[in-house]
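Welcome! Have a look at the model below, then try the exercises at your own pace.

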Amino acid sequence: HYLNVMEKSANWDGSPLWILSVFEDEEGIIWLGASDALVEFNRNDKSFTLYQHDPDDPQSLADNYVNSISEDLRGNLWIATNGIDIFNKHTKKFSHHTHNPSDPNSLSDNNVSNILVEKSGTIWIATDGRSINKYVQPNQYVKKYFLDSVVVTNTWGGIQAEDNDGKIWIGTNNGLMSFDPVKEIFKEEPLKGDIGGVLLDKEGTLWIKNWTDEKFYFKKIKKP
């Protein structure tokens, strides 16, 4: 319904936008990750603002393809695109973080699938390939974890959820995996297949989308 009023955005050219992700920030603003823009939706006046790459502005969005969006404890948006963009909602400026072969503290890969912000503030970044990046603020230290399983070729399903015990749940092309960030141990879970989505609800149930058999599964986790 609301997408029919996109003409209220002053910088929308009328071309179709594929919505890849939806995120609501702490202020109640809806952010859409799209195939050709980052979109801000104000529910008060039902207006849209589009953010796109401007080759003349180094502080614009790095790439118009936005896979996912999250928010850190400081209120900045973390955007999975060609690398990571961090968006300051007050200045409306983007800073860019990409893979740099000569910098061991840079991302392991620029093909970022999604981002999870822990309750503690630690930020987890999943990339194409078998790597997970742990981003620790404020010193911007990046620690990389690589999955040893030879049957897992990518973690494109991404880091989808943190349960009430702090365990991280990861979707891969060969099944569901969990990661204990304290012991730094990955575990292959019994559910196999191409896992494309994981959601933890308020009751502590983990909901899992399996693209291989096109079914949803659920797993009971300890309640908060």
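The exercises below concern the strands and sheets of this predicted model.

**Exercise 1.** Find the order of the strands in the sheet that contains β1, and say which strands stand at its edges.

*Solution.*
- Step 1: Follow the open sheet of 4 strands across; the order reads β1-β2-β3-β4, and the pairing is antiparallel.
- Step 2: Look for strands with a single partner strand; these are β1 (19-24) and β4 (47-51), so each of them has one side without a neighbour in the sheet.
- Step 3: Now add the twist, which averages 20° from one strand to the next.

**Exercise 2.** Stay in this sheet and work out how many bridges pair β2 with β3.

*Solution.*
- Step 1: Locate β2 at residues 30-34 and β3 at residues 38-42.
- Step 2: Count the bridges of this antiparallel pair: there are 4.
- Step 3: For one example, start at L32, whose bridge partner in β3 is V39.

**Exercise 3.** Turn to the sheet with β5 and describe its order and its edges.

*Solution.*
- Step 1: This open sheet also has its strands listed in order: β5-β6-β7-β8, 4 strands with antiparallel pairing.
- Step 2: The edges belong to β5 (68-71) and β8 (93-97); each has a single partner strand, which means that one side of each lacks a neighbour in the sheet.
- Step 3: On average, neighbouring strands here are turned by 25° against each other, direction ignored.

**Exercise 4.** Which residue of β7 stands opposite T81?

*Solution.*
- Step 1: Find the antiparallel strands β6 (residues 77-81) and β7 (residues 83-88), joined by 5 bridges.
- Step 2: Go to T81 and look across to β7: the residue opposite is G83.

Methods: Residues are numbered from 1 along each chain as its sequence is written. This is a predicted model: local features need pLDDT of at least 70, side-chain atom pairs count only at pLDDT 80 or more; totals for chains, interfaces and linings use all residues. Side-chain values use heavy atoms; hydrogens and water are left out. Two strands pair if DSSP finds at least two bridges between them. Helices (H or I, at least four residues) and strands (E, at least two) are DSSP runs, numbered from the N terminus. Axes are lines fitted to C-alpha atoms, for helices over the stretch in contact, and angles run from 0 to 180 degrees between N-to-C directions.
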